[in-house]
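Subject: Structure handover

Hello,

As agreed, I am passing on the structure. My notes come after it.

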Amino acid sequence: MPKRRKVGNLLALAVLSALVQRPMHPYEIATALHAWGKDQDMEFKWGSFYTVIGNLDKHHLIEAVQSMREGRRPERTVYRITDAGRAELVDWARELVSTPMAEHPRFRAGLSVLAALHPDEATDLLRQRLDLLEGAIRRDRETLDAHLREIPRLFLVESEYDLAIRDAEAAWLRALLAELTSGSYPGLDTWRAFHETGEMPAELTELAARTSTPKAGADTTSDRRADTTG
């Protein structure tokens, strides 16, 4: 179970990691995070950037050290990380690295409704995905190899992880496609018959009825809510 953070937006984690380097004003922080590719590592909502800065300051995870003005530009406040901010950064990093959390990728959502597609179309689309994925893997590997010639591996470990995940997905897709194209995928004939006849096979109708009917005596969450609100 993840901890409830005073500032839970992952952008706050990135800001803290930037201010560990040195004090900076918000524009410098944003420039650094973009240059380091942190917007690729985490789901950022840049529209909330200054709100995150304000909340970090409010909860004493960062603090203002000076205000500066360059020419006719608006005044900029320079922030530094506090001891509490360093402790939060370390604790948050420990949690993210050590504790698996359920995530909901779009591809998984698509796979969950794969039966909505004719198996031939599904096969073509999966093959299309594999082609695109293999191209991205080649480009990303070339980019990583180039970066490794200049940047310590420690600061590229997330890119290694991305490649490993993509390699694993590509391997899984190849195996799935082999089953679909060879006809050895379990239930393929039933899946195909459903799309070609428009009739739900009896075994699937029975399965749907069996799995959607509450067991006798079962107290589901929705039932409990109905009891308390009705």
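The notes below cover aromatic contacts, one backbone angle and one pocket.

This is a predicted model, in which local features need pLDDT of at least 70 and side-chain atom pairs count only at pLDDT 80 or more, while totals for chains, interfaces and linings use all residues. Residues are numbered from 1 along each chain as its sequence is written, and side-chain values use heavy atoms, with hydrogens and water left out.

Aromatic contacts

Searching the whole structure gives three aromatic pairs (rings of Phe, Tyr and Trp, the last by its six-membered ring, with centres within 6.5 Å; planes under 30 degrees apart are stacked, over 60 edge-to-face, the rest tilted). One of them joins phenylalanine 49 and tyrosine 50, edge-to-face, at 5.3 Å centre to centre and 85° between the planes. Phenylalanine 49 is buried at 3% relative accessibility, and tyrosine 50 is exposed at 55% (buried is under 20% relative accessible area, exposed over 50%, partly exposed in between, with a 1.4 Å probe and protein chains only).

Phenylalanine 107 and tryptophan 172 form another edge-to-face pair, with 6.4 Å between centres and 80° between planes. Phenylalanine 107 belongs to helix 6 (residues 106-112) and tryptophan 172 to helix 8 (residues 157-182), so the pair ties together parts 65 residues apart in sequence (helices, H or I of at least four residues, and strands, E of at least two, are DSSP runs numbered from the N terminus). Phenylalanine 107 is buried at 19%; tryptophan 172 is partly exposed at 42%. The charged end of arginine 129 also sits over the ring of phenylalanine 107, 3.6 Å from the ring centre (NZ of Lys or CZ of Arg within 6 Å of the centre and within 35 degrees of the ring normal).

Backbone

Most residues other than glycine have a negative phi. Histidine 60 has a positive phi, near 60°. This histidine 60 is in the loop between helix 4 (49-58) and strand 1 (62-68), and is exposed at 57% relative accessible area.

Pocket

Which residues are the closest to the centre of the second largest pocket? They are Leu114, Ala115, Tyr185, Gly187 and Trp191, out of 16 that line the pocket (on a 1 Å grid over the protein atoms alone, a pocket is an open set of points with protein on both sides within 12 Å along at least five of seven lines; lining residues have an atom within 4 Å of a point). Helix 6, helix 8, helix 9 (188-197) and helix 10 (202-212) each give two or more residues to this lining.

Regards

Conventions: On a 1 Å grid over the protein atoms alone, a cavity is a set of points where a 1.4 Å probe fits but cannot get out, and a pocket is an open set with protein on both sides within 12 Å along at least five of seven lines; lining residues have an atom within 4 Å of a point.
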